[in-house]
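Please open the model in your viewer and keep the sequence panel beside it. The tour goes from one selection to the next, with a short account of what is there at each stop.

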Amino acid sequence: MIAFIQRVKSASVEVDQKIIGNISQGILVLLGVEQDDNEEKARKLLEKVLNYRIFADENGKMNLGLKSIQGELLVVSQFTLVADTQKGLRPSFSKGAVPAKAEALYDYFVAEAQKQIHTETGQFAADMQVSLVNDGPVSFWLQV
């Protein structure tokens with residue numbers, strides 16, 4: 001399971017010209033699900049996302065996690081994160097989970113996040129427009 005996280009001042013996701021998810025300070029997560037992923041991996045990745053120390057403390061050092069600052073989370077599914085780009089000029093998605101499994105694990109990740117922190121979402125498998133104000137910019141690729 002892969003999470004591309006971005007520290008944001010704000011972020012939103014739109015489907016059919018309607019905003020369906022919107023956060024202020026926090027983390028935008030683009031989430032990709034691979035074939036061998038499961039709920040245990042989803043829990044581990046969520047724990048990492050919520051506690052990854054990418055927010056500044058009183059000394060300006062990145063020492064605080066999302067939960068520490070009481071930030072918000074926006075989770076958007078993005079199957080292209082699992083692409084194999086090692087060969088040629090066309091990505092292969094053979095490592096990606098089948099849509100039903102990917103959606104189930106995406107939903108699980110979101111449900112577990114909502115138990116711990118204010119969480120907004122995109123719409124699985126939809127054509128989405130994502131807007132953000134990247135704070136820093138600060139972006140990381142997390143994988144479990």
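Strands, as the word is used on this tour, are DSSP runs of E with at least two residues, and they are numbered from the N terminus. With that in mind, and remembering that this is a predicted model, select Pro137, which lies in strand β8, the run covering residues 129-143. The peptide bond that leads into Pro137 from Gly136 is cis, and its omega is near -5°.

Next, turn to two backbone positions in loops. Select Asp16, which sits in the loop between β1 (2-15) and β2 (18-23), and note that its phi is positive, about 50°, although Asp16 is not a glycine. Asp16 counts as exposed, because its relative accessibility is 67% and exposed means over 50%. Then move to Ala125, in the loop between β7 (119-121) and β8, where phi is again positive, at about 65°, although this residue is not a glycine either. Ala125 is exposed too, with a relative accessible area of 70%.

From the loops, go to the interior. Which residues have the most contacts inside the largest nonpolar core? Select Val29, Leu31, Val49 and Leu73, which hold that place in a core of 28 residues. At least two residues of this core come from each of β1, β3 (26-32), α1 (39-51), β6 (72-77), α3 (99-114) and β8, and the largest share, seven residues, is supplied by α3. If you now keep Leu73 alone and leave aside its neighbours within four places in sequence, the residues in contact with Leu73 include Ile23, Val29, Leu46, Val49, Leu66, Ala113 and Thr119. Apart from the largest core lies another one, of 13 residues, among them Ile2, Val13, Val15 and Val82.

The last stops are aromatic rings, for which the count comes to three pairs. Select Tyr52 and Phe140, an edge-to-face pair with 5.5 Å from centre to centre and 70° between the planes. Tyr52 lies in the loop between α1 and β4 (55-56) and Phe140 in strand β8, so this pair ties together parts that are 88 residues apart in sequence. Tyr52 is partly exposed, at 28% relative accessibility, and Phe140 is partly exposed, at 28% as well. Finally, select Phe79 and Phe93, whose ring centres are 5.0 Å apart and whose planes stand at 55°, so the pair is tilted. Phe79 is exposed, with a relative accessible area of 55%, whereas Phe93, at 34%, is partly exposed.

Terms used: Residues are numbered from 1 along each chain as its sequence is written. This is a predicted model: local features need pLDDT of at least 70, side-chain atom pairs count only at pLDDT 80 or more; totals for chains, interfaces and linings use all residues. Side-chain values use heavy atoms; hydrogens and water are left out. Helices (H or I, at least four residues) and strands (E, at least two) are DSSP runs, numbered from the N terminus. Buried means under 20% relative accessible area, exposed over 50%, partly exposed in between (1.4 Å probe, protein chains only). A nonpolar core is a set of buried Ala, Val, Leu, Ile, Met, Phe, Trp, Tyr and Cys residues joined through side-chain atoms within 4.5 Å. Contact means heavy atoms within 4.5 Å. Rings of Phe, Tyr and Trp (its six-membered ring) pair if their centres lie within 6.5 Å; planes under 30 degrees apart count as stacked, over 60 as edge-to-face and the rest as tilted.
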